[in-house]
Amino acid sequence: MPMKVVDSTVSTFGTIFEKFKSDAPNNKANFILFLADKDPSTSLSWCPDCVRAEPVIYKKLEATAGDVMLLRAYVGDRPTWRNPQHPWRVDSTFKLTGVPTLILWDSKNHAIAARLEDHEAHLEHKIDALLSSI
C-alpha cells in the first residue's frame, strides 16, 4: 500500500497528531517529519537541509513494505523557527533542535522510538537503519 501522508502546521498539529496517534496501530510504521515551510516566492523550502533530505526520506519510506503513515509537520518560516521559544523546541516530547528531524513513532507506548536529526536525516544508511527497526 502506498505511503499515507498528512500535513500539519504548528497551529493544526494538536488535532492532527491526536488523529495520527489513534490511526497509528493500523500501520506497520508511523513517522513524523518536522521540516521547514516552503518559501511562497520560490515554492522551495527555505532550509537547504530539508531540500536535500526530503527526496531521500520519501524514496525510502515509499519503498517500505506495508502501510506507512507520514505526518509532515511544518515548523514555519525561518524567523518563526529561529525563535528559541518555538513550540516544538520547548515541547517535552519532541525537543527539536533542527530541521529536518525524522521520528519513528512507537504506537504502543505513544513515544518516540527513534529519530534522525537534521545533520543525518539525508543519509540513506541512517534511514535504512531506522527502517530495519520496524
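Start by selecting residues 29-35, strand β2, together with β5: the two run parallel, joined by seven bridges. Before going on, keep in mind that what you have open is a predicted model.

**Stop 1: the β5 strand and its partners**

Within that pairing, zoom in on Ile32, which sits opposite Leu71 of β5. Now add residues 4-9, which are strand β1. Here too the pairing with β5 is parallel, this time over six bridges. Pick out Val5 and you'll find Leu70 of β5 standing opposite.

Next, show β5 alone, residues 68-74, and colour by accessibility. Seven of its seven residues are buried. In a regular strand, side chains alternate between the two faces of the sheet. So which residues of β5 are on each side? Val68, Leu70, Arg72 and Tyr74 are on one side, with Met69, Leu71 and Ala73 on the other, and both faces are covered.

**Stop 2: helix α2**

Move to residues 48-62, helix α2. Put a distance label between the C-alpha atoms at its two ends and you should read 22 Å; the expected span for its 15 residues, at 1.5 Å a residue, is 21 Å, so the two agree. Look along the helix for a bend: there's a kink of about 30° at Glu54, shortly before the proline Pro55.

Now select the buried residues of α2, which are Cys50, Ala53, Glu54, Val56, Ile57, Tyr58, Lys60 and Leu61. An α-helix has 3.6 residues a turn, so residues three or four places apart point the same way. What lies over the buried residues of α2? The cover includes β2, β3 (38-39), β4 (44-45), β5, β6 (101-106) and α5 (124-132).

**Stop 3: Glu54 up close**

Stay in helix α2 and centre on Glu54. Is Glu54 buried or exposed? Its relative accessibility is 8%, so Glu54 counts as buried. Show side chains and you'll see a polar contact of 2.5 Å between Glu54 and Tyr58. Setting aside residues up to four places away in sequence, Glu54 touches Leu35 and Lys38.

**Stop 4: a pair of cysteines**

Select Cys47 and Cys50 and draw a line between their sulfurs. Why is there no bond between Cys47 and Cys50? The sulfur of Cys47 has its closest cysteine sulfur in Cys50, 3.0 Å away, which is too far for a bond. The cut-off for a disulfide is 2.5 Å, and by this rule the count comes to zero disulfides. Both residues are tucked away from the surface of the chain: Cys47 is buried at a relative accessible area of 5%, and Cys50 is buried at 0%.

**Stop 5: Ile112 in β7**

Jump to residues 111-116, strand β7, and select Ile112 there. With a relative accessible area of 26%, Ile112 is partly exposed. Expand the selection to what Ile112 touches, ignoring residues up to four places away in sequence, and you'll pick up Thr93, Phe94, Ile103, Leu104 and Trp105. For a longer line across the model, go from Ile112 to Thr80: they're 32 residues apart in sequence, and their C-alpha atoms are 24 Å apart.

**Stop 6: Lys21 in α1**

Finish at helix α1, residues 13-23, where Lys21 lies. Which residues is Lys21 in contact with, leaving aside neighbours within four places in sequence? Trp105 and His110. As a last line to draw, connect the C-alpha atoms of Lys21 and Pro79: 58 residues separate them along the chain, and 29 Å in space.

How values were computed: Residues are numbered from 1 along each chain as its sequence is written. This is a predicted model: local features need pLDDT of at least 70, side-chain atom pairs count only at pLDDT 80 or more; totals for chains, interfaces and linings use all residues. Side-chain values use heavy atoms; hydrogens and water are left out. Buried means under 20% relative accessible area, exposed over 50%, partly exposed in between (1.4 Å probe, protein chains only). Helices (H or I, at least four residues) and strands (E, at least two) are DSSP runs, numbered from the N terminus. Two strands pair if DSSP finds at least two bridges between them. The expected span of a helix is 1.5 Å times one less than its number of residues. The bend at a residue is the angle between axes fitted to the seven residues ending there and the seven starting there. Contact means heavy atoms within 4.5 Å. A polar contact is a pair of N or O atoms within 3.5 Å; within protein, one must be able to donate a hydrogen and the other to accept it, and residues adjacent in sequence count only if both atoms are side-chain atoms.
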